[in-house]
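Colleague: I should be grateful for a close look at the central sheet of this model and at what surrounds it. Please extend the account to the partner chain where that helps.

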Amino acid sequence: MTALLQIRDLTVTFATRHGAVHAVDGVSFAVGRGEVLGLVGESGSGKSVSLRAITRLLPDFARVSGQVAWQGEDVLAMSPERLRRLRGGQIGMVFQEPMSALNPVLPIGLQITESLIAHTDLDARARRARALELLDLVGIAAGPSRLSQFPHEFSGGMRQRAMIAIALAANPAVLLADEPTTALDVTIQDQILRLLRGLVDELGMALVLVTHDLGVIAETCDRVAVMYAGRLCETGDVAAVFARPRHAYTAALLQAMPGEGTRDRKLLTIPGQAPRLDAPAIGCAFAPRCALVRPICTTDRPVLQPVAPRQSSACHAAADLAA
Amino acid sequence: MPRLGWLVGRLLQIVPTFLLIGIAVFVLARLLPGDAVSAMLGDRASDATINRLTAELGLNRSLGAQLLAFLTAAAQGDFGASLSRHVPVMRLVAEALPVTLSLVAIATTLALAIALPLAFIAALNANRWPDIAIRAVFQVGLSSPVFYIGLILLTVFAGWLGWFPVGGYGESVSEHLYHLFLPGLTLSLSFAAVVMRNLRAAVLAVLTAEYVDFARAKGLARSVVLLRHVLRNALIATVTLVGLHVGALLGGAVITETVFAVPGVGRLMIDSIFARDYPVIQALTLVLAVLVSLAFLVTDFVQMWLDPRVGR
């Protein structure tokens with residue numbers, strides 16, 4: 001599988017009044033056609049920042065280094081016009097909260113067609129036809145009247161469908177989805193995930209799905225990358241990682257996941273809280289909360305390395321977890 | 001279509017508003033100290049003369065009857081004759097009103113032409129030198145009294161440079177515009193300062209909105225993002241402010257009209273108050289109040305046009 005999008009050693013620092021905040025620290029991953037990569041972690045783990053760094057959507061005070069390669073082309077060095085065509089044209093993006101990500105005062109139809117104006121040569125009639133086709137694709141029936149409606153006239157699930165339609169307008173090869181179902185209730189969440197998965201299978205897109213929900217990963221993704229405190233802990237095929245996590249944090253997350261077999265016992269949680277990012281840990285960032293912590297964890301930073309076929313982990317206890 | 005109902009409802013509000021304005025104007029004029037008859041005749045008039053004039057003006061009838069007569073006549077645009085100038089009130093108003101309306105129109109146009117681009121430049125360069133410079137200049141404009149700005153503009157552009165007339169109104173439309181430019185500019189500066197500050201803050205707030213990030217993520221050109229997604233949404237809050245300010249300008253151009261000797265509503269109002277010219281005061285107050293409520297009505301319509309959530 002050739003990688004459409006390859007991220008190497010991505011580092012994002014925010015210069016703030018209280019010093020530099022290391023939001024993302026040396027993250028690498030790749031995604032190829034027809035593949036769904038899940039980026040999972042708790043709030044502040046740097047997953048959303050990583051996603052926005054790909055298309056350089058971060059504010060000016062963010063310093064981004066490392067490499068973002070779109071089919072071998074360096075995104076971080078792109079001219080503004082080339083970047084504009086990449087955004088939406090080749091890499092589509094879906095945000096978390098459709099109510100705030102859709103412009104409240106513009107009709108949905110316009111918000112779809114302006115993407116078409118930006119990326120295609122279609123005339124007004126063709127744009128309208130394409131907009132209707134897109135609404136149909138994401139499961140919004142009765143299109144024509146929908147085009148003139150405003151976001152507040154849509155239900156939450158419909159709004160998220162509309163946002164996906166907008167992101168798909170110019171046929172991007174990669175879709176980046178930032179917690180696309182977090183703001184929705186569970187049944188709608190399931191519908192949206194099925195829709196996304198179906199689009200990947202049908203259109204051969206690549207999808208990077210950011211979420212804090214391991215259930216979403218299990219249901220939707222082929223591969224998973226687990227993030228903690230701005231760093232990658234573990235990557236691998238979803239089935240392998242879920243069956244045999246090789247990082248203490250992944251293992252703890254999976255144990256904390258409610259599911260079958262947890263009905264009769266108290267739900268496990270990970271003690272403590274995520275570390276501050278203004279003073280990165282010398283050793284493993286998870287060490288203070290880790291049940292498997294050993295002396296080396298506080299002094300040596302573990303490196304992400306292969307622990308099994310198609311599975312890598314950055315954990316000093318990786319070998320023990322395999323047993 | 002629910003918005004049509006909202007629109008009609010908003011239009012119908014005008015009726016009770018105008019009626020209340022009429023009653024308030026009538027009552028307020030009666031509450032002014034002094035009375036018209038003694039103001040017209042002076043201290044040494046005989047009782048017979050006073051009684052005759054009082055009857056002539058209808059001031060001896062009951063208040064209720066006077067109010068009814070006033071409202072009926074006012075609805076037909078008849079405010080009687082000026083007590084001090086002995087011409088129909090409506091003629092005085094009709095002469096002064098276009099002057100003030102033009103002045104306010106010029107001031108508003110200039111204020112928006114100055115404030116909109118500068119607010120945008122300031123917001124896009126927030127806390128860098130263009131922003132700081134723009135805000136500093138407007139701070140001076142905002143904190144200087146209007147008559148002072150007026151005098152400075154007069155001295156520089158009419159006195160030293162001789163580009164504009166010192167005062168008056170001229171004869172033709174082009175002369176009117178020429179004469180009203182400096183007073184219009186005077187009025188526009190503090191107006192522009194308020195709009196600039198408000199719009200700058202609104203643009204800054206909108207710039208951090210998710211839908212602006214989403215618009216950029218869609219690959220829209222920067223100009224499209226700024227005009228369609230940022231400016232339009234930022235204007236929604238500012239439109240209300242502009243409407244209120246236009247309303248205030250209609251009755252608040254008195255000082256500027258005096259400094260520039262412009263024969264507008266403000267000057268007519270001041271003269272009439274000193275002469276206790278009740279009919280003129282009533283007519284002007286009524287006309288101005290009606291104009292202010294019309295300005296607010298237009299503001300509401302513009303807001304509805306900009307923001308589809310209004311009226312639903």
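Modeller: The account below begins with the sheet and then turns to its surroundings. The model is a predicted one.

The sheet belongs to chain A and is open, with eight strands in the order β6-β7-β8-β3-β9-β10-β12-β11 and mixed pairing. Its edge strands are β6 and β11 (305-308) of chain A, each of which pairs on one side only. From one strand to the next, the twist averages 20°.

Strand β3 (residues 36-40) of chain A is a suitable place to look closely. This strand is mostly covered, since five of its five residues are buried. In a regular strand, side chains alternate between the two faces of the sheet. In β3(A) both faces are covered: A:V36, A:G38 and A:V40 are buried on one side, and A:L37 and A:L39 are buried on the other.

The pairing of β3(A) can be followed to either neighbour. With β8(A), β3(A) runs parallel, and five bridges join the two strands. One register point is given by A:V36, whose bridge partner in β8(A) is A:L207. With strand β9 (residues 223-228) of chain A, β3(A) also pairs in the parallel sense, here over four bridges. In β9(A), A:R223 stands opposite A:L37.

Moving on from β8, strand β7 (residues 174-178) of chain A pairs with strand β8 (residues 206-211) of chain A in the parallel sense, over five bridges. A:L207 of β8(A) is the bridge partner of A:L175, and A:L207 is likewise the bridge partner of A:V36. The next residue along β8(A), A:V208, has contacts beyond its neighbours within four places in sequence: these are A:V31, A:L37, A:L39, A:L51, A:L176 and A:A177. Two of these partners, A:L37 and A:L39, are buried on one side of β3(A).

At the β6 end of the sheet, helix α7 (residues 156-168) of chain A lies across β6 and β7 of chain A, running at about 165° to β6(A). The loop between α2 (80-86) and β6 (91-94) of chain A contains A:G89. This glycine is classed as buried because 20 other C-beta atoms lie within 10 Å. Apart from neighbours within four places in sequence, A:G89 is in contact with A:H119, A:A170, A:P172 and B:G219. The C-alpha atoms of A:G89 and A:L116 are 9.1 Å apart, although 27 residues separate the two along the chain.

The contact of A:G89 with B:G219 leads to the partner chain. Between the two chains, 19 residues of chain B are in contact with 23 residues of chain A. On the chain B side, α10 (210-217) and α11 (222-252) each supply at least two residues, and α10(B) gives the most, with six. By class, that side has nine nonpolar, three polar and seven charged residues.

Chain B has 14 helices and zero strands. Its C-alpha atoms fill a box of roughly 85 × 60 × 35 Å along the principal axes. Of its 312 residues, 36% are buried. Among contacts in chain B with a separation of 6 or more, 73% are between residues 24 or more positions apart.

The domain assignment divides chain B into domain 1 (2-75) and domain 2 (95-306). The centres of these domains, taken over C-alpha atoms, are separated by 32 Å. Where they touch, 15 residues of domain 1 of chain B are in contact with 13 residues of domain 2 of chain B. The elements that give two or more residues to the domain 1 side are α1 (2-12), α2 (14-31) and α3 (36-41) of chain B. The largest share of that side, eight residues, comes from α2(B). Its residues divide into 10 nonpolar, three polar and two charged.

The largest nonpolar core brings the sheet and the partner chain into one description. This core has 167 residues, and those with the most contacts inside it are A:A165, A:L207, A:V208 and B:L284. Helix α6 (residues 89-124) of chain B contributes the largest share of the core, 17 residues. Domain 1 (2-75) and domain 2 (95-306) of chain B both give residues to the core, so it lies between them.

Note on methods. Residues numbered from 1 in each chain as written. Chains lettered and ligands numbered in written order. Predicted model: local features only at pLDDT ≥ 70, side-chain atom pairs only at ≥ 80, totals over all residues. Buried ≥ 20, exposed ≤ 12 C-beta atoms within 10 Å, placed from the backbone. Contact = placed C-beta atoms within 7 Å. Domains from an automatic or database assignment. Nonpolar A, V, L, I, M, F, W, Y, C, P; charged D, E, K, R; others polar. Core = buried A, V, L, I, M, F, W, Y, C linked by C-beta atoms within 7 Å. Pairing = 2+ DSSP bridges. Axes fitted to C-alpha atoms, helices over the stretch in contact; angles between N-to-C directions.
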